[in-house]
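Subject: Structure handover

Hi there,

Here is the structure I promised to pass on. Have a look at it first, and my notes follow below.

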Amino acid sequence: NADADANVLPVIENPQETEAVSGSENEAAAPEVGERVEEPDITGAYVIELAADYSALAEIQGLTELPDGSYVIKEGAEASIRAKEGLVLTHAITTTGTCSSDNMGTITLANVDRDGRLTLRFKAKAPHASLAPGSYDDEKYLSLSAEADGAKVFYTTDNNSSPQSGKEARGALKIDRSMVVRAVTLMEGAADSEVIELIYVF
């Protein structure tokens, strides 16, 4: 399953397109008005077009951003891509060079020999539940949370409808009777997480 939360999945390569399937500093001062801004040296570099803005989803190292917003990679260099906390990088598709994955969920773009396009796909990790499912004699409280910044958790308690159409988890949910809580993590730019099911018995 290409969307499964796995650290290492097969790498498919062909000459035209390759696909890999996985898994405090001071800010630079803004230039003064009229100050000459040194352009990065892009001699012997190739343009890498990103299919979308992945800044909220991934940490990318090895690509140089130009003033016009495009990216380049030096000939012979490598770039590494890793999903941010709470997300899984499920696919990295490139039309130049090769992509490979390690057992830590990092994708490496290498052997770039021409301009190309890089497409990344992500999946949110399942929500965290503060209360383990099981049998209880007195009322408890359940908190549902997402690991990724900007992600939201939705849930239902009727055991029938999809949690994607349920209520957003805000604050603690009182558990004082037998119920089934189903929850999912949603985040813009990423596929929905696996649905977790929590059964509480009184």
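A word on confidence before the rest: pLDDT is the predictor's own confidence in each residue, on a scale from 0 to 100. Please keep in mind that this is a predicted model. The protein has a mean pLDDT of 84, with 79% of its residues at 70 or more.

Where is confidence lowest, and where is it highest? The low end is strand 1 (residues 11-13), with a mean of 42, while strand 15 (residues 144-145) is at the top with 98. Two stretches deserve some caution. Across residues 1-16 pLDDT stays under 50, and the model has 42 contacts beyond four places in sequence for them. Residues 33-37 also stay under 50, and here the model has one contact beyond four places in sequence.

Now to the sheets. One is an open sheet of four strands, ordered 4-7-10-9 and paired in the antiparallel sense. Strand 4 (58-61) and strand 9 (98-101) are at its edges; each has a single partner strand, so one side of each is left without a neighbour in the sheet. On average, neighbouring strands of this sheet are turned by 20° against each other, direction ignored. If you want to follow one pairing on screen, try strand 9 with strand 10 (residues 106-110): the two are antiparallel and share four bridges. Ser101 has Ile107 in strand 10 as its bridge partner.

Another open sheet has five strands in the order 13-20-19-16-17, and its pairing is mixed. Strand 13 (134-135) and strand 17 (167-168) are the edge strands, each pairing on one side only. Within this sheet, strand 19 (residues 179-186) and strand 20 (residues 196-201) run antiparallel and are joined by five bridges. Val181 sits opposite Leu198 in strand 20.

Finally, a pocket. What lines the second largest pocket? Its lining consists of Leu50, Ala52, Asp53, Tyr54, Ser55, Ala58, Ile60, Leu63 and Tyr71. By class, that makes seven nonpolar residues, one polar and one charged. The volume of this second largest pocket is about 160 Å³.

Happy to go through any of this with you.

Best wishes

Definitions and conventions. Residues are numbered from 1 along each chain as its sequence is written. This is a predicted model: local features need pLDDT of at least 70, side-chain atom pairs count only at pLDDT 80 or more; totals for chains, interfaces and linings use all residues. Side-chain values use heavy atoms; hydrogens and water are left out. Two strands pair if DSSP finds at least two bridges between them. Axes are lines fitted to C-alpha atoms, for helices over the stretch in contact, and angles run from 0 to 180 degrees between N-to-C directions. Contact means heavy atoms within 4.5 Å. On a 1 Å grid over the protein atoms alone, a cavity is a set of points where a 1.4 Å probe fits but cannot get out, and a pocket is an open set with protein on both sides within 12 Å along at least five of seven lines; lining residues have an atom within 4 Å of a point. Grid points are joined across faces, edges and corners, and a volume is the space filled by probe spheres set on the points. Ala, Val, Leu, Ile, Met, Phe, Trp, Tyr, Cys and Pro count as nonpolar, Asp, Glu, Lys and Arg as charged, and the others, Gly among them, as polar.
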